[in-house]
Amino acid sequence: MDTRRRWRARFAVLATLTATLLTGTLPAAAAEPPFDPDIGRRPYQPGPMLVNPGAGGNTANSYGFNLVRVGGLNNPAYYELQESYTVRLYFNYRGSTDSATRDKERHWIQGLDDVMSTMVLETNKWVGGRLEYDSYDGETWPGSHGDREIAIVFANIPATGIASPSSHLDDRGAVYDGGLIRLIASDVWTELVDGSEDGDRWSRYAMAIPVMHEIGHTLGLAHYNTPFRGDNTLMSSVRVADDVSSWNDVWTPGDKAGLMNMAGWRTRATQCANTGSCQQIWAKNDPLAWPPQPPDHTYDRIP
Ligand SMILES: [Zn+2]
């Protein structure tokens with residue numbers, strides 16, 4: 001082999017490494033936050049992928065996503081997903097014994113059940129296969145979700161959807177334990193489900209947008225209301241089915257970067273945010289990407 005070519009190849013690798021080290025080192029030099037009497041310790045040091053300490057939930061940043069505050073902390077360095085979650089639809093009487101209302105709700109649940117596995121699959125690409133969809137088989141909402149479960153119900157709520165993530169702080173930061181997603185009990189769903197059952201893709205995207213948005217909240221993502229790399233993110237309040245041309249772009253690069261960060265793939269998340277080209281964590285028959293690697297805690301502060 002030609003020596004000059006080999007050297008050039010090595011030099012290229014070295015240059016890439018140096019660049020990675022530089023970008024990786026700079027944010028870690030942030031000052032240690034002061035002792036916080038409310039939580040009885042110093043807040044965790046923000047990691048390089050996270051929003052600025054003190055930034056509001058709607059503040060834009062260069063990464064395309066914001067994370068939800070946990071336990072009074074604006075910005076724990078350590079946000080993490082559990083290894084697996086079950087996503088489950090439940091029948092919820094919403095306090096009504098009226099059979100027409102119950103029939104409508106059954107119809108909406110059946111319509112969602114048809115496309116839920118696709119929504120979960122699309123999300124799984126960015127969280128490393130952590131979600132598993134358990135098909136609906138008539139279960140009634142028990143009143144609270146199980147550990148590591150993301151429960152979805154229809155309810156009378158004053159919004160299209162409301163997510164209530166469950167999280168706890170461990171000795172380093174925030175860990176997500178699942179959550180409850182409530183979707184508005186509205187006749188809008190009747191039209192969308194009818195359209196979806198007729199094979200109308202627009203109707204399916206229109207169903208997926210609020211559901212996947214709320215799944216994003218249960219996995220730690222907050223709102224990000226500024227267009228990022230030319231797209232309104234799914235975690236904004238303004239993304240609509242008209243903006244979607246395939247299942248792969250229901251989540252936008254900013255959302256994907258956020259989910260990958262939550263799943264511990266910070267290098268890929270950074271690349272996804274910086275380039276808009278996002279390499280999925282999970283793909284069938286991809287031996288390099290499966291099983292998911294454990295999270296990289298290089299930037300976490302260990303107290
Ligand atoms: Zn929201």
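Reader: How do the axes of H2 and H5 cross, and what word describes H2 relative to H5?

Author: Bear in mind that this is a predicted model. In it, the axes of H2 and H5 come within 7 Å and cross at roughly 60°. Angles of 65 to 115 degrees would count as roughly perpendicular and those under 35 as roughly parallel, so that crossing makes H2, relative to H5, oblique.

Reader: Which residues of H5 meet H2, and how many of the residues in that contact are nonpolar?

Author: On the H2 side you've got Thr123, Trp126 and Val127. They meet Lys256, Leu259, Met260 and Met262 in H5. Sorting the residues of this contact gives one charged, one polar and, for the nonpolar ones, five.

Reader: Met260 turns up there; what does it touch beyond its neighbours within four places in sequence?

Author: One partner is Trp126, which belongs to the H2 side of the contact with H5. Met260 is also in contact with Trp265, Arg268, Ala269, Cys272 and Ile281. In the largest nonpolar core, with its 63 residues, the members that touch the most others are Ala208, Met212 and Met260.

Reader: Which helix gives that core its largest share?

Author: The share in question is nine residues. They come from the helix spanning residues 99-127, namely H2.

Reader: Why do the buried residues of H6 sit on the same side, and which helix helps cover them?

Author: The buried ones are Arg266, Arg268, Ala269, Cys272 and Ala273. They're on the same side of H6 because they span an arc of only 160° around the axis. What covers them includes residues 253-262, that is, helix H5.

Key
Residues numbered from 1 in each chain as written. Predicted model: local features only at pLDDT ≥ 70, side-chain atom pairs only at ≥ 80, totals over all residues. Core = buried A, V, L, I, M, F, W, Y, C linked by C-beta atoms within 7 Å. Buried ≥ 20, exposed ≤ 12 C-beta atoms within 10 Å, placed from the backbone. Helix = DSSP H or I, 4+ residues; strand = E, 2+ residues; numbered from the N terminus. Contact = placed C-beta atoms within 7 Å. Arc of directions from axis to C-beta. Axes fitted to C-alpha atoms, helices over the stretch in contact; angles between N-to-C directions. Parallel < 35°, antiparallel > 145°, perpendicular 65-115°, else oblique. Nonpolar A, V, L, I, M, F, W, Y, C, P; charged D, E, K, R; others polar.
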